[in-house]
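Reader: Could you take me through one part of this model up close, the spot where two helices pack, and then show me what else is there?

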Amino acid sequence: MTRLIDRRSAIGAIAGTAAMLSRAATAAEGAAAAPPTIAERFGAYVAGTGFDALDAATLETAKAHLIDAIGCGIAAFGETPVRACREVALALPGGPATVIGTTQRTSPDLAAFANGVAVRYYDFNDVYVGREPGHPSDNITACLAIAEAEARGGRDLLLSTVLAYEIACRLMDAAELTRRGWDHPIYSLPASALAAGKLMAMPPGQLAQAVNLAISGHLALNQTRVQVLSDWKGIADANAARNGVFAALLARRGVTGPSSIFEGNAGLFKQVSGPFELDVDAFGGRGGRFRINDCGVKLYPAQGGTLTAIPAAAKVAAEVGDLGRIQAIEVATVNFTYMSAGKDPEKWKPETKETADHSLPYVVARAMLDRDITNDSYTPAAIRDPAVRALMAKITVKPDEALTAMTPKALPNRVTATLTDGRTVSHQVDALPGFIGMPMQRSDFEQKFKRNVARVWSEAHQREVLDYLWALERQDKLDRLFELLVVKS
């Protein structure tokens, strides 16, 4: 009897094992048949795109945006938060990546971080407006750090930069984050991870894991950009670049991340963005136009949505003459700019540079007084100027649906002053050079670059840096670049 039971148990065990194997085989077949995840499609796209995919216009644009970002970073070299982040990065000395402006090196992730803080500090670097706006040049410092660490040349740096823009901008096209309470550096996480991984020559599977790792633990809250703005406003995207680089370094060593990070039961779609579609086959290099060609470049150091308000305000002020004649000022703007720069009461009483350059009332009032906005518009004395506060007290901001309908091709603002005699003076500006359809030329980029670096480099040195960068695709190594970017005390 015992033998019969044992035999039946054995038969049952065998049958159970067979059933398990059958189910496992079925599951494996189902998994094999499952469509690739977004992270996997990103990995295949980045791994499969070579330098020969870059047309001449895209190559010129990539160099121009790199020049613009470096100029912004050098301009901010001496600012307190930039210096503090640089000191944190250099507390771990001796790595393979240079902190721009110095001869010192640190780890690639910390170099990307410190350099990113400098590039972003003045809010003067480029901007892209899809469903979500953002600053894709914030990813350039990840490319610079890994290109140097991996001894890559100019062609590799330019390709990785274009790919970082492509990923970040396509995601900004796909879904808005701001109204859901999240911040646009979330889209820089996969962009910087994939760009870094490309420079490391990682295969598609590892690139996908870099995306999974970058996104899963580093989601950014939009509290960064509402109410009182802190130093973190200009640091958040640099931190995304740092985390993207670190994720790529982990993935190269075989570390895996949660999948499917976009589509999973608790992934980005469900928790953050809502579902969206991405046609990777239509990305740049696969028949589509590279998105770097559709990025705006700022003429003024201010939040992107406020830029057109600056010349509009200056025109109103010039026509009015004596600003004491103004009884009230109304600024009509797009919904995004209203939400991010014209709604919170803190925007009428800024105490920090970070709040002031994201304050539509401040930017309008300062532009009316000075007929311009520059890096010096945000000194403590300028922010607390009684004249600017008096003008701000007369300003109201309202969202305008007709203006909102003009986005993303335009970011219009209309400034209307009502005078004490009842007359009104109004000017509306829809777009500026550097916006979509109004590209800046090489001479425009050079002029902006020179304004940014004039305090630290001679004209001869400025020319040497520019000549090197305009010929970047012919540079086999980047050592000379980092030597050229030193700021001497």
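Author: Sure, let's start with the packing. Thr58, Leu59, Ala62, Lys63, His65 and Leu66 in α3 meet Leu157, Leu158, Val162 and Tyr165 in α7, where contact means heavy atoms within 4.5 Å. The residues of this contact split into seven nonpolar, two polar and one charged (Ala, Val, Leu, Ile, Met, Phe, Trp, Tyr, Cys and Pro count as nonpolar, Asp, Glu, Lys and Arg as charged, and the others, Gly among them, as polar).

The axes of α3 (residues 56-75) and α7 (residues 154-174) come within 10 Å and cross at roughly 90°. Axes are lines fitted to C-alpha atoms, for helices over the stretch in contact, with angles from 0 to 180 degrees between N-to-C directions. The two helices are therefore roughly perpendicular (65 to 115 degrees).

Keep in mind that this is a predicted model: local features need pLDDT of at least 70, side-chain atom pairs count only at pLDDT 80 or more, and totals for chains, interfaces and linings use all residues. Numbering starts from 1 along each chain as its sequence is written, and side-chain values use heavy atoms, leaving out hydrogens and water.

Now the sheet: four strands form an open one in the order β6-β5-β7-β8, with mixed pairing (at least two DSSP bridges make a pair; helices are DSSP runs of H or I, at least four residues, and strands of E, at least two, numbered from the N terminus). β6 (395-399) and β8 (424-429) are the edges, each with a single partner strand, so one side of each lacks a neighbour in the sheet. Inside, β5 (residues 326-333) and β7 (residues 413-419) run antiparallel, joined by seven bridges. Alanine 332 sits opposite arginine 414 in β7. Helix α12 (residues 309-320) lies across β5, β7 and β8, at about 155° to β8.

Conventions. Angles under 35 degrees count as roughly parallel, over 145 as roughly antiparallel, 65 to 115 as roughly perpendicular and the rest as oblique.
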